[in-house]
Every structure is written in structure tokens, then in C-alpha cells.
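Here are a few friendly notes to read alongside the model. I start with the ligand site and then turn to a helix pair and a database annotation.

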Amino acid sequence: TGEAGVTGEVNVTGAAGVTVRVPAKVNVQLAVGAARPDGFHDLANVFLAVSLYDEVTATPADRLTVTCEGPDADKVPLDATNLAARAAALLAARHGIAPDVHLHIAKAIPVAGGMAGGSADGAGALLACDALWGLGTPREDLLAICAELGSDVPFSLVGGAALGVGRGERLTELPVAGPFHWVFAVADGGLSTPAVYAEFDRLAEGTDVSEPAASPALLDALATGDTAALAAALSNGLQPAALSLRPSLAATLAAGTEAGALAALVSGSGPTTAFLVKDAESADAVAAALRASGTCRTTRTATSPAPGATLL
Ligand code: C5P
């Protein structure tokens, strides 16, 4: 829940706040290569934005503060480690100004869920502060700051669909039709992304990890809006590691498939699971069946593609 906002108490200029809406993502393909010397993994990471949004509001203040509201607000760190706070501090440092801003996050994206919720808040804060402070930072520079904040942050800014290579931060936007309909099953508790990659490394020990490459069939399914073809092409190289750390996710995946989902997979590093379905009606039915199955905490339905970080 957190504070409702501090406008009026520390709003020193009287200026109104700036709000940015940022989407969650699902990885429709996550091909993971071997660990690099720096510990990161080379990826072929096909991101797809979904219509599940956090909103970040930046308001003038006498120092950098963060508050958060939403069902999982108590799980969001409000200190300097928060990606929204880090984004404001990094942008201010680039321009040689003080990061005197209050950031309020209205959180709908599952926390530590493999849907880039923290990354969304970083991209949102960056865009909101840039507008609030009237900086007009070039897009290219904003993307570079995003990449510094985290591998998934550039995509939160861009939205739509994109292929991320390198550690996932080097983006090429992809043509995407739609709509694609999704159900997300939110698990109890989060999974640590570094822990999932470490488990990937453990499971890969003694095996040959092939060079990650995007699947032509998957890119074609995105471009043409072919749900059945996308369902057949979905893949997540981190899924065995996520299932190894959280074996109960197998029951969630099975429950969604039994309920009529066209495909089921772990979203990113998990533990949120994603179900691609035929249409909005099927989404409601699969979501209800998942909740009734007792294999998840709650569900969300959403569509793709969704726009990237947008000033409201
Ligand atoms: O870039 P980001 O801070 O989101 O990454 C979090 C962690 O996920 C990294 O510290 C690393 O352990 C892991 N990671 C990785 N390879 C990537 C992206 C992330 O090993 N391409």
C-alpha cells in the first residue's frame, strides 16, 4: 500500500506531476547461451509487451523518495536499490543536476515475477523525470541509460516486440500483428533472476550449450499475428532451471493446458507462468480454471502487443 503520495508536502515548485505508463513483458523465445566471462549469458531474447501496466508518477520534491501502491507494494524495495530511484539518480547525474524528485509507483505487474516489473519502473521513472525536468534527453541516450540499469530495461521503454541480443539489452524492433491473448498465473513469492541463471549453469554443466538464435517460425508468427503458429514456436531456455527451483510450477502449467490454453510456459525467469489462448473468452475460462485449480495465487489476463513507456 505505501504512502498515497506526498504532493503538497514536499512539492516545492507547485508544478504538477508527470505520469508514465509502462507495460510488462513476456519472453516468447528466450534462447540462452553459455555463461560469459562477466557472468552474464548471451541471449536471443524475443520480448513481447503485454497490456499489464505499472504507472510511475514523478513530482518535484526536496530529495529523492519512492512510494508504491498496489496489492504487492509491500514487496517493493523503496530504497536506493529500487530501479526507479536508480533511473532518476542516473539521469540526474548525466545532466549534472540533483535528483530531487518524488516517484510514486502504482504497481500492477507481479513483483519478482519474470515479467520485467522492476525494469518497467526504471524505464517509467527515466521518462517521467526527463519530462518533469525538461531535459529532452535523446532517445539513444535514454536507451543507453536503460541498458545500464538492467538487461530488460531498454525493452520496457520500447514496447511492442523486439529481439534482444548480447545480454538482451541490444534491441531490434520486430514487426508484430495481433492481438494475442494471454493469461498469467501469478505464483506465491518471487524467484531471483541470478538464482535462476545459476541453476541454468548448474544444469548445463558438462553439456554443449549452443549459440542462441531467434526462431524464424516464431518471428513469422509474430509478424502475421498467427496465434496457433506462435503457440507452436514458444520456448524458454530458462524454464528447466525455474522448474528445478520451483517444481510446483509444473502443476500450474498442466492446469492451464488442461483448461484449454494453446501453449504454456514460464515467463522469463519465473515464477509467473504464461498461457497463450485463442481469444478473450478463452482467456477468462482458462484464468477461472487456473484459480480454481489451487496451483497459483491469482491470475491476470492481457493482450499483445502493447506500447512501450508512454507519457499520460
Ligand atoms: O541485467 P539484470 O540486472 O537484469 O540481470 C540480473 C541478473 O540476471 C544478472 O546479475 C545475471 O545473474 C543474470 N543475467 C544473466 N544473463 C543475462 C541477463 C541477466 O546471467 N543476459
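1. The ligand is surrounded by Gly39, Phe40, His41, Leu43, Gly150, Ser151, Asp152, Arg167, Gly168, Thr193, Pro194 and Tyr197 (near means a C-beta atom, placed from the backbone, within 6 Å). Two elements give two or more residues to this shell, strand S2 (41-60) and helix H5 (193-204), and H5 gives the most, with three. Helices (H or I, at least four residues) and strands (E, at least two) are DSSP runs, numbered from the N terminus.

2. Please keep in mind that this is a predicted model: local features need pLDDT of at least 70, side-chain atom pairs count only at pLDDT 80 or more, and totals for chains, interfaces and linings use all residues. Residues are numbered from 1 along each chain as its sequence is written.

3. Where does the ligand shell lie relative to the domains? Domain 1 (18-174) and domain 2 (180-304) both contribute residues to the shell around the ligand, so it lies between them. The domain bounds come from an automatic or database domain assignment.

4. On the helix pair, the axes of H2 (residues 117-132) and H3 (residues 139-149) come within 10 Å and cross at roughly 145° (axes are lines fitted to C-alpha atoms, for helices over the stretch in contact, with angles from 0 to 180 degrees between N-to-C directions). Gly122, Ala123, Leu126 and Asp130 of H2 meet Leu142, Ile145, Cys146 and Leu149 of H3, contact being C-beta atoms, placed from the backbone, within 7 Å.

5. An unreviewed UniProt entry annotates residues 219-294 as "domain: GHMP kinase C-terminal"; such annotations may be inferred rather than shown by experiment. The end C-alpha atoms of residues 219-294 lie 34 Å apart, and the span is 58% helix and 14% strand.

Terms used: Contact = placed C-beta atoms within 7 Å.
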